[in-house]
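Colleague: I have a model open here and I'd like to learn how to read it. Could you walk me through it?

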Amino acid sequence: MHADTFPITIGKPVADFTVNATISDCAPHYVSFYNSSISSDVTNWTWDFGDGTTSSAMNPKHAYNTNGSKNVMLIAYNNCSTDTFWFTIFVTTDVNKLI
């Protein structure tokens, strides 16, 4: 009797996210981040919101207390690998700057 062998492929995660912001006249400015990372075996996430704070939530909501550009980073992990996605958001109370 012999045993058949079958390759098992564990894919690298592909980190990705989308952003939804609530416009307000003053701080804090609330931004919801929706994790759309691709991989069925992602085990955890690390978010860096670009203002010195982090989160390990899958879909965090974050309050920004200052205006300006924020380089947001998401790292998706599985048991074998990681992937990082960066996105710059601009926090402002001036709706005209969004056009």
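**Reading the rings, strands and core**

Modeller: Sure, and keep in mind that this is a predicted model. Let's begin with one ring: Phe85 has 23% relative accessibility, so this residue counts as partly exposed.

Colleague: And which ring does Phe85 pair with, in what geometry?

Modeller: Of the 7 aromatic pairs in the structure, one is formed by Phe17 and Phe85, with an edge-to-face arrangement, 5.2 Å centre to centre and 85° between the planes. Look at where the two sit: Phe17 belongs to strand E1 (residues 17-21) and Phe85 to strand E7, and they are 68 residues apart, so the pair links distant parts of the chain.

Colleague: Is Phe17 buried or exposed?

Modeller: Phe17 has 5% relative accessibility, so Phe17 counts as buried. Phe17 also makes an edge-to-face pair with Phe87, at 6.1 Å centre to centre and with 80° between the planes. Because Phe17 lies in strand E1 and Phe87 in strand E7, this pair ties together parts that are 70 residues apart in sequence. Phe87 itself is at 39% relative accessibility and therefore counts as partly exposed.

Colleague: Which residues form the aromatic cluster?

Modeller: One cluster is made of Phe17, Phe33, Trp47, Phe49, Phe85 and Phe87. Rings can have other company too: Lys61 lies over the face of Tyr30, 5.2 Å from the ring centre.

Colleague: Let's move to the fold. How many helices and strands are there?

Modeller: The protein has 0 helices and 7 strands, giving the pattern β-β-β-β-β-β-β along the sequence.

Colleague: How should I read the way strands are put together?

Modeller: The general idea is that strands of a sheet pair through backbone hydrogen bonds, either parallel or antiparallel. Here you'll find an open sheet of 4 strands in the order E4-E3-E6-E7, with antiparallel pairing. Strand E4 (54-55) and strand E7 (82-91) are at the edges with a single partner strand each, so one side of each has no neighbour in the sheet.

Colleague: How many bridges join E3 to E4, and how many join E3 to E6?

Modeller: Strand E3 (residues 44-48) is joined to E4 by 2 bridges, running antiparallel, and Asp48 stands opposite Thr54 in E4. Between E3 and strand E6 (residues 68-77) there are 5 bridges, again antiparallel, with Trp45 opposite Ala76 in E6. Check the turn as well: the hairpin of E3 and E4 has 5 residues between the strands, and Gly50 there takes a positive phi near 80°.

Colleague: What about E2 and E5: in which sense do they pair?

Modeller: Strand E2 (residues 29-35) pairs with E5 in the antiparallel sense, over 4 bridges. For a landmark, find His29, which stands opposite Tyr64 in E5.

Colleague: Now the side chains. Which ones along E3 point to the buried face?

Modeller: Follow them one by one, and you'll see them alternate: Trp45 and Trp47 point to one face and are buried, whereas Asn44, Thr46 and Asp48 point to the other and are not. Strand E5 (residues 61-64) reads in a similar style, with His62 and Tyr64 buried on one face, and Lys61 and Ala63 pointing to the other and not buried.

Colleague: What happens to nonpolar side chains as a group?

Modeller: In soluble globular proteins, nonpolar side chains tend to be buried together. In this model the largest nonpolar core has 14 residues, and Phe33, Trp47, Tyr64 and Val72 have the most contacts inside it. E2, E3, E6 and E7 each give two or more residues to this core, and E6 supplies the largest share, 3 residues.

Colleague: Which residues does Trp47 touch?

Modeller: Leaving out residues up to four places away in sequence, Trp47 touches a list that includes Phe17, Phe33, Thr54, Met58, Pro60, Val72 and Leu74.

Colleague: And for the protein overall, how many residues are there, and what share is buried?

Modeller: There are 99 residues, and buried ones make up 30% of them. Among contacts with a separation of 6 or more, 54% are between residues 24 or more positions apart. The accessible surface comes to about 6,600 Å², with 54% of it belonging to carbon and sulfur atoms.

Methods: Residues are numbered from 1 along each chain as its sequence is written. Side-chain values use heavy atoms; hydrogens and water are left out. Buried means under 20% relative accessible area, exposed over 50%, partly exposed in between (1.4 Å probe, protein chains only). Two strands pair if DSSP finds at least two bridges between them. Rings of Phe, Tyr and Trp (its six-membered ring) pair if their centres lie within 6.5 Å; planes under 30 degrees apart count as stacked, over 60 as edge-to-face and the rest as tilted. A charge sits over a ring if NZ of Lys or CZ of Arg is within 6 Å of the ring centre and within 35 degrees of the ring normal. A nonpolar core is a set of buried Ala, Val, Leu, Ile, Met, Phe, Trp, Tyr and Cys residues joined through side-chain atoms within 4.5 Å. Contact means heavy atoms within 4.5 Å. Accessible areas come from the Shrake-Rupley method with a 1.4 Å probe; for residues, only the protein chains shown count as cover.
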